[in-house]
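Student: Got a minute to go through a model with me? I'll just throw questions at you as they come.

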Amino acid sequence: MKRIVVLLLAISLLLVSCSSLSDLVRAQVEGLPSWVYEPQTRSGQVAFVGKGVDPVPYNARLAAYEDIISQISAYVGQNIRPLYYRELTTTGAITDFKLTITNEFTKAEPRTPAQVYMLARMDEQLLSGKRTSLANEMLKRDADIDALIVEADKAYRANDDTKAIRFYLEAALLSAQGPVSQKKHELSYLLEKAQGFVEALRFTLKGQDSTQAKVTVSVQRKSRLLSPKVLNAKVSATFEARNSLGMQYTDSLQFNTASDGFFTFVPYNQGLLKTGVVTFTLDFSDLLARLSKGLPSGQRDAIVAALQACRIDFPYAFTSLVADRPAVAEIQQFNMDGQLQEGSDALETFSEEMALDAIPVQKIDLQALELEQQLQMIADNYPQAKLAFLGTVGIAVEDTVQQTSVTVLSGRVQLYEVATKKLVADTQEVQATGFGDSASVAREQAFKRFGRIAAYVAGSYLFNR
């Protein structure tokens with residue numbers, strides 16, 4: 001009989017070591033509830049046991065919640081923390097999964113961190129539905145990324161490298177939205193491909209005329225197997241300019257290499273500073289904004305840096321028609337009665353604006369009102385002058401609006417060759433408005449503004465050949 005008892009005891013010990021009874025023994029040895037290692041569930045349920053360890057019991061409870069969230073995320077294939085962590089920690093439940101915390105145990109021993117265990121039970125069908133939905137989303141994401149990669153390869157073979165880059169970046173934005181099943185669909189791989197295409201591009205400049213800021217710009221790629229020219233590349237040309245009121249600002253023009261692989265830059269903006277630099281860059285401004293929102297900063301930094309590094313500078317310095325011999329200038333100011341008045345605000349400002357573009361202008365004072373007399377006086381008294389700016393400006397309106405004085409001027413400036421007395425440029429009618437606390441302040445401001453605007457319009461002729 002004793003032998004039978006011993007045999008049964010040996011069999012029991014064997015079963016403990018190789019069956020669920022081992023979890024029960026382990027729990028008893030560690031002083032834990034049995035459900036920590038062997039959670040019981042009803043049909044149609046799934047159970048997860050969360051564990052948190054921290055010297056502070058409250059923090060240990062939060063860590064146990066985190067553990068449950070992590071297990072559910074792994075089960076469904078998506079990080080659910082942003083959606084459900086707050087609900088779980090505040091209510092002890094997640095409604096979408098019918099999750100409830102049915103058991104909780106805290107093990108606290110002297111001089112050791114607190115251990116908190118939680119048993120969470122939830123509906124298996126709801127979890128599986130979430131997992132099926134994510135799987136379908138992943139399959140669709142894979143298919144969409146594959147389609148973009150195919151289009152990128154086609155674009156590259158067609159010498160449309162910037163389109164290929166765009167396709168890879170679009171694919172990267174898709175990849176960042178959730179899990180994918182293939183390495184070639186992973187975010188890091190797609191960004192590396194896009195960066196490789198970007199770093200293979202370079203700008204080249206031909207036919208440079210720095211005295212007129214004109215140049216032919218092409219985009220090429222480093223390739224020995226295919227044609228190096230890059231078609232349909234959007235390029236931004238950035239430079240400094242000055243407006244008609246003398247304010248400096250940064251301007252940009254958009255170009256496209258189209259089917260030739262190049263374009264010719266000409267300074268369409270007549271306010272372009274006469275000495276400066278034009279910077280040509282690939283125009284991915286629309287995508288850069290989306291990348292900053294759709295990708296983690298650590299992963300987007302390299303591709304953004306590569307896009308910004310693909311650039312070239314074109315320094316220029318205009319040469320004016322009066323670089324060798326200064327021009328003379330006279331702008332006569334009239335009051336509302338048509339009488340010539342003293343004052344040179346318009347002329348002074350006109351000369352200052354011209355000086356900003358290194359145009360030497362000698363201010364003169366002509367009392368004569370007739371054009372022929374003025375031109376003859378210049379020829380007789382200023383033989384060194386090649387050109388002459390002659391202008392008139394008068395007060396058209398003076399009024400007070402809501403206790404503010406307003407002055408409106410109208411006038412024009414014309415440019416003549418001194419030797420031939422030939423008219424070579426004309427600003428046509430220019431209007432300027434001044435405001436101030438008094439009529440004199442408004443008048444002074446208006447004449448100065450007229451000088452700036454007239455210089456902006458008339459000065460451009462000196463750099464056109």
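Student: Is Thr 392 buried, partly exposed or exposed?

Tutor: Thr 392 is partly exposed, with a relative accessible area of 38%. The cut-offs are under 20% for buried and over 50% for exposed, with partly exposed in between (1.4 Å probe, protein chains only). Bear in mind that this is a predicted model: local features need pLDDT of at least 70, side-chain atom pairs count only at pLDDT 80 or more, and totals for chains, interfaces and linings use all residues. Residues are numbered from 1 along each chain as its sequence is written, and side-chain values use heavy atoms, with hydrogens and water left out.

Student: Where is Thr 392, and what does it touch?

Tutor: Thr 392 is in strand β14. Helices (H or I, at least four residues) and strands (E, at least two) are DSSP runs, numbered from the N terminus. Not counting residues up to four places away in sequence, Thr 392 touches Gln 332, Phe 334, Gly 411, Arg 412 and Phe 450. Contact here means heavy atoms within 4.5 Å.

Student: And how far is Thr 392 from Asp 251?

Tutor: In space they are 32 Å apart, C-alpha to C-alpha, and in sequence 141 residues apart.

Student: Back to Gln 332, then. Buried or exposed?

Tutor: Gln 332 counts as buried because its relative accessibility is 4%. Gln 332 sits in strand β12. Leaving aside neighbours within four places in sequence, its contacts include Leu 340, Leu 366, Gln 367, Leu 369 and Thr 392.

Student: New topic: pockets. How much space lies in the largest pocket?

Tutor: About 250 Å³. A pocket is found on a 1 Å grid over the protein atoms alone, as an open set of points with protein on both sides within 12 Å along at least five of seven lines; a cavity is a set of points where a 1.4 Å probe fits but cannot get out, and lining residues have an atom within 4 Å of a point. Grid points are joined across faces, edges and corners, and a volume is the space filled by probe spheres set on the points.

Student: What lines the largest pocket?

Tutor: There are 15 lining residues, and Glu 330, Gln 341, Gly 343, Asp 365 and Gln 367 are the closest to the centre of the pocket. Strand β12 gives the largest share of that lining, 4 residues. The pocket lining divides into 5 nonpolar, 6 polar and 4 charged residues. In that split, Ala, Val, Leu, Ile, Met, Phe, Trp, Tyr, Cys and Pro are nonpolar, Asp, Glu, Lys and Arg are charged, and the others, Gly among them, are polar.

Student: How many cavities of 30 Å³ or more are there?

Tutor: The count is 1. The largest cavity has a volume of about 170 Å³. Its lining has 19 residues, with Arg 242, Lys 274, Asp 357, Ala 455 and Tyr 456 nearest its centre. The elements giving two or more residues to that lining are α10 and α12, and α12 gives the most, with 4. The cavity lining comes to 7 nonpolar, 7 polar and 5 charged residues.

Student: What does α12 pack against?

Tutor: The buried residues of α12 pack against β12 (327–334), α10 (345–356), β14 (387–401), β15 (404–417) and β17 (430–436). Among those buried residues are Ala 446, Phe 447, Phe 450 and Ala 454.

Student: How many aromatic pairs are there?

Tutor: The count is 11 aromatic pairs. Rings of Phe, Tyr and Trp (its six-membered ring) pair if their centres lie within 6.5 Å; planes under 30 degrees apart are stacked, over 60 edge-to-face and the rest tilted. Phe 255 and Phe 265 make an edge-to-face pair, 5.7 Å centre to centre with 65° between the planes. Phe 255 is in strand β8 (residues 248–256) and Phe 265 in strand β9 (residues 262–265), 10 residues apart. Both Phe 255 and Phe 265 are buried. Phe 350 and Phe 389 are also edge-to-face, at 5.3 Å centre to centre and 65° between the planes.

Student: Why does the Phe 350 and Phe 389 pair tie together parts that are apart in sequence?

Tutor: Phe 350 lies in helix α10 and Phe 389 in strand β14, so the pair joins parts 39 residues apart in sequence. Phe 350 is buried, at 0% relative accessible area, and Phe 389 counts as buried at 1%.

Student: Which rings form a cluster?

Tutor: Ring pairs link Phe 239, Phe 255, Phe 263, Phe 265 and Phe 280 into a cluster.
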